[in-house]
Structures are given as structure tokens and as C-alpha cells.
Amino acid sequence: MKITGKTKIVGIFGHPVHHTFSPLMQNAAFNAAGLDYCYLPFDVKPENLKLALNAIPLLNIKGLNITIPHKEKVLSYLDEVTDEAKFIGAVNTIKTDGEKLTGHNTDGRGFTMAFQEEFSATVEGKRFLIIGAGGAAKAIAIQLAIEGARAIIIANRTFFTGRELAEHLLEHFPNCDISIIRLKRKEISNVMEHIDVLINTTPVGMKPDDPLLITDEMFNPDSVVCDIVYNPKETILLRRAKESGLKTMSGIGMLLHQGALAFEIWTGEKPPLSVMREELEKAL
Ligand code: ATR
């Protein structure tokens, strides 16, 4: 990569940011596409978020990814926010246009694009069980509802948080059948035969000694299983599902596509997906 006086700067605001794979993935993409952009990590402490955001147009930064812990906070400092990001209540991508900052959220669409690529099918008309109700679950659930999912069941450790997400979905998407269950084996087993897709959005599975939230006998053989954890590439949940004959999707696809969508928002160009995927696979 050759940085000159003309190179356009994009990057990521987070705290911490040392774990992020985005600089590798995005810089490889700019290189492959022959675009004179450079992607940098910015460790921004929560108390400095407003100042850092104010500096974006002053420093002529063209775009940003926003990650933990700023995704929700950032909303109130932007000039415009897409409907998608407003529904989700979080922004993971900013595009600068002169002085104006526009917030987007590519997490949910990152998931549905990965789903489409993996299973050659849309999410429309399908029934989902989502484990977890955090930021990622919210982005995914809202995107599924936007794209016409028939039913979404939320199962969260903290019932109250799950109920909040379910109520939020019900308010905006009356045509989607939304329900909530407890994260208990019996309750999950009872709904398994009524779902087409199971999605784990919790961090359970990142550590080798994590418990199994779903055990083999609970799987619906006619369903597919997705995990948003990408490190390890194959969680124990996905391994067991695969061994039980189910099709699976790891978190790499969502990570890739949320980044690819951000690339497109900043540059207006089609992202070089295979290069980005290769870079991620290498880094992982
Ligand atoms: P993110 O914004 O990245 O999705 P988050 O907001 O911390 O992360 O959400 C993590 C989700 O994983 C939450 O739904 C959390 O459940 P709680 O609402 O009960 O906290 C869930 N989660 C985290 N650790 C878990 C565990 N050990 N078992 C079950 N669920 C867990």
C-alpha cells in the first residue's frame, strides 16, 4: 500500500480496538480494487467520543466503522441516520459527506447476505429462533423482520431483555409472528419443530469450555444452524449440528458482509468479496 497526499482515510472507532480484523480486511479490499484508501484503527475512549466525531470532517476522514462500546451512543451525534439503524438503535458505519455525517447499520444485512450466500435462499417466509437479545440479536432480528421472516422466537438468559426486544419488534413489524421463551432446554425443545433456522447471537462457544446451550437431541433435522461467533471458526454448536446432519453457517459470513457493505457505502464500488474473505480466513 502506497500512502500519498491524495490517499483517502477511513477507519474504526472503538475501545479497545486491538482485536479488530477490519483493518486487514478493508485494506486488502482497497488494494485489490485499486482504490487509494487507507483504513486505520482509532482507540477512542467513551468520554472522547463526541470530540472524536466532531473531528471527522475536520480531518477529512471519509468514513468509519463504529464498534463496542460506541454503537448506540454515536446515534445522537450524527446528522442523519438510516431507518434501519434507527430501528436497530445502533450504528456501525458512518459516511462523511462534506460536514454531514450519516449513520448506517450493516450488521443485520451482513447476516442476511451471508445467509443468502450460504444457503442460496432468502429469509422471507422462514421461522427463526434467536438465542440472545443483545446488540447483534437486535440488528439481525430487525433485518429478518424487514425482509419478511414469518416468525421470530427470542430466547434470552435475561427474560426481561428478551421481552424488550420482542416488544420492539412487535411495535414495528405487526405482520411477523414474534414470541419469547425462556432459555431453558424444555422450552427450546418445544419450539424446535416449528423453526427453520436457529441463530446463536451470544458469545457462548467462544471459549473451549463454554456450555452447550443446545444439545444434539434438541436439533430439528429439517432446520439449519447459524452462529455469529467467528473465532473459533467452528463453534461446538456448529460442529455438533453438522455431525447431526444439519447445514450450518459460521459468523465469518456476517463479519465479511457487514464489512463489504461498509466498503460499498464509502466507495460506491462493488467490494472484492473473495479477497476480503481470504484475508479474514488467514487472520483467523
Ligand atoms: P452484543 O451487543 O455483541 O450482541 P451483548 O449486548 O453483550 O453483545 O449481548 C450478549 C447476549 O448474549 C445477551 O443476550 C446475553 O444475555 P443477557 O441479556 O442475559 O446478558 C447473552 N449471553 C452472554 N453470555 C451468556 C451466557 N453465558 N449464557 C447465555 N446467554 C449469554
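**Helix packing, a ligand site and three loops**

Modeller: Helix H4 crosses helix H5 with a right-handed sense, in what is a predicted model.

Biologist: Thanks, that is a good place to start. At about what angle do H4 and H5 pack?

Modeller: Two packed helices are described by the angle between their axes and the distance between the axes. For H4 (residues 107-119) and H5 (residues 135-146), the axes are 7 Å apart. The packing angle of H4 and H5 is about 65°.

Biologist: And which residues of H5 meet H4?

Modeller: Let's look from the H4 side, where Asp107, Gly108, Arg109, Phe111 and Thr112 take part. The contact of H4 with H5 has 4 nonpolar, 3 polar and 2 charged residues. The H5 residues that meet H4 are Ala139, Ile140, Gln143 and Leu144.

Biologist: Let's turn to the ligand. Which residue has a polar side-chain atom 2.9 Å from an oxygen atom of the ligand?

Modeller: There are 13 residues around the ligand, and those that come nearest are Ala133, Gly135, Asn156, Arg157 and Thr158. Gly135 places a polar backbone atom 3.0 Å from a ligand oxygen, and for Ala136 a backbone N or O atom lies 3.0 Å from an oxygen atom of the ligand. The residue with the polar side-chain atom at 2.9 Å is Arg157.

Biologist: Now for H1 and H9: why are they called oblique to each other?

Modeller: The axes of H1 and H9 are 11 Å apart, and the crossing angle is about 50°. Angles under 35 degrees count as roughly parallel and 65 to 115 as roughly perpendicular, with over 145 being roughly antiparallel and the rest oblique. H1 and H9, at about 50°, are therefore oblique.

Biologist: How many charged residues are in the contact of H1 with H9?

Modeller: Met25, Gln26, Ala29, Phe30 and Ala33 are the H1 residues of this contact, and among their H9 partners are Leu255, Phe263 and Trp266. The contact has 9 nonpolar and 4 polar residues. Its number of charged residues is none.

Biologist: H9 also packs with H10. What is the angle there?

Modeller: H9 covers residues 252-267 and H10 covers residues 273-283, with their axes 10 Å apart. H9 packs with H10 at an angle of about 130°. That makes H9 oblique to H10, so the answer is oblique packing at about 130°.

Biologist: Which H10 residues meet H9?

Modeller: From H9 come Ile252, Leu255, Leu256, His257, Gly259 and Ala260. By class, the residues of the contact of H9 with H10 are 7 nonpolar, 2 polar and 2 charged. The H10 residues are Leu273, Met276, Arg277, Leu280 and Glu281.

Biologist: On to the loops, then. Which residue is joined to Pro232 by a cis peptide bond?

Modeller: Pro232 sits in the loop between strand E11 (224-227) and helix H8 (236-243). The cis bond has an omega of about 10°. The partner of Pro232 in that bond is Asn231.

Biologist: What is omega for the cis peptide bond of His15 and Pro16?

Modeller: Pro16 belongs to the loop between strand E1 (8-14) and helix H1 (22-33). The cis bond joins His15 to Pro16. Its omega is about 0°.

Biologist: One last thing: what is the phi of Asn60?

Modeller: Asn60 is in the loop between helix H2 (49-58) and strand E3 (61-66). Although Asn60 is not a glycine, its phi is positive. The value is about 60°.

Note on methods: Residues numbered from 1 in each chain as written. Predicted model: local features only at pLDDT ≥ 70, side-chain atom pairs only at ≥ 80, totals over all residues. Heavy atoms only, no water. Axes fitted to C-alpha atoms, helices over the stretch in contact; angles between N-to-C directions. Helix = DSSP H or I, 4+ residues; strand = E, 2+ residues; numbered from the N terminus. Contact = heavy atoms within 4.5 Å. Nonpolar A, V, L, I, M, F, W, Y, C, P; charged D, E, K, R; others polar. Near = heavy atom within 4 Å. Polar contact = N/O pair within 3.5 Å; in protein donor to acceptor, adjacent residues only side chain to side chain. Left-handed = near helix turned anticlockwise from the far one by under 90°.
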